[in-house]
Amino acid sequence: MDVTDETFQSDVLARSATVPVVVDLWAPWCGPCTTLGPMLEKAVADTGGAVELAKVNVDENPRIAQSFAVQSIPAVFAIRDGQVVDQFIGALPEAQVTAFVQRLAPVPSEADMLVAAGDEASLRQALELDPTHAGAIAALARLLIDSDRAEEALEVLGRVPETNEFRTLGAEARLAEQHVSTDDVTGLLDGLLDRVRDDEAARQEFLDLLETLGPDDPRSSTYRKALAARLF
């Protein structure tokens, strides 16, 4: 991703608490930067999401360059938990670039490798090794929902605290358990509005339908306001 002075705090420092972030300081006029950039992109892509890449055009974002006290580019910094843990200046051979990125990538656990296999038996085995493995729980819940075993999916999701991803999967599972088709979400929401105040089941179905829409769907805001108007 391209990072700016304004987004550096959230896109790099805050994000690095969850996943290591490689920061590539570059400029369009820098010849070595154009050589190094694709190498970094490939090395990071090969980690399968275990490491992320943030590209910073120093001409357009001088505050970031100043914060790293950069005097020449390309300059590359590895950030974990908001701190620089590794760095290099100048273009390196591709093998060294790959090694730099790989040092940041956590070694996959046995549970991680089972989740990567993706079949039900492997996912269940992963949860035996790590009962709270978020990737295994999400993948198994999705598999169960898609195979019409919504009740089992809800049991799996009930093992861990709710996150945004788990909340959406839970909503999908409850709707599937009630055999609610989401082909016409707008029509369903309209039909439920007059019942949400006094009917707890209708209210839960309404909320689950909103959850499946996601926050970026403009209907979410409209119907959440309509729900609030009915309830309060």
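Is R142 buried, partly exposed or exposed? R142 comes out as partly exposed, at a relative accessible area of 29%. Keep in mind that this is a predicted model. Here's a quick tour of its salt bridges, 18 in total, plus a closer look at helix 6.

**The pair within helix 7**
- R142 has a salt-bridge partner in D146, and their closest N and O atoms sit 3.3 Å apart.
- Both residues belong to helix 7 (residues 134-146), with a spacing of 4 residues, or about one turn of the helix.
- As a bit of background, an α-helix has 3.6 residues a turn, so residues three or four places apart point the same way.
- D146 counts as exposed because its relative accessibility is 53% and the cut-off for exposed is over 50%.

**A bridge from loop to strand**
- R15 and E52 pair up through their side chains in a salt bridge, at 2.6 Å from N to O.
- This one ties together distant parts of the chain, 37 residues apart: R15 is in the loop between helix 1 (8-14) and strand 1 (21-26), while E52 is in strand 2 (residues 52-57).
- Both ends are partly exposed, R15 with a relative accessible area of 32% and E52 at 21% relative accessibility.
- For E52, 21% lands in the partly exposed class because buried means under 20%.

**A bridge from helix 6 to helix 8**
- R124 and E152 make a salt bridge too, with 3.2 Å between the closest N and O atoms.
- R124 sits in helix 6 (residues 120-129) and E152 in helix 8 (residues 150-157), so this pair also links distant parts of the chain, 28 residues apart.
- Relative accessible area is 29% for R124 and 33% for E152, which makes R124 partly exposed and E152 partly exposed.
- There's a wider network here: E120, R124, R149 and E152 are joined by salt bridges that share partners.

**The two faces of helix 6**
- Which residues of helix 6 are buried? They are S122, L123, A126 and L127.
- These residues lie on the same side of helix 6 because they span an arc of only 140 degrees around the axis.
- Among the elements covering those buried residues are helix 5 (110-117), helix 7 and helix 8.
- Flip to the face turned away from the buried side and you'll find the exposed residues A121 and E128.
- At the start of helix 6, D119 reaches in with a side-chain oxygen, coming within 3.3 Å of the backbone nitrogen of A121.

How values were computed
Residues numbered from 1 in each chain as written. Predicted model: local features only at pLDDT ≥ 70, side-chain atom pairs only at ≥ 80, totals over all residues. Heavy atoms only, no water. Salt bridge = Lys/Arg side-chain N within 4 Å of Asp/Glu carboxyl O. Helix = DSSP H or I, 4+ residues; strand = E, 2+ residues; numbered from the N terminus. Buried < 20%, exposed > 50% of the residue type's maximum accessible area, 1.4 Å probe, protein only. Arc of directions from axis to C-beta. Contact = heavy atoms within 4.5 Å. Polar contact = N/O pair within 3.5 Å; in protein donor to acceptor, adjacent residues only side chain to side chain.
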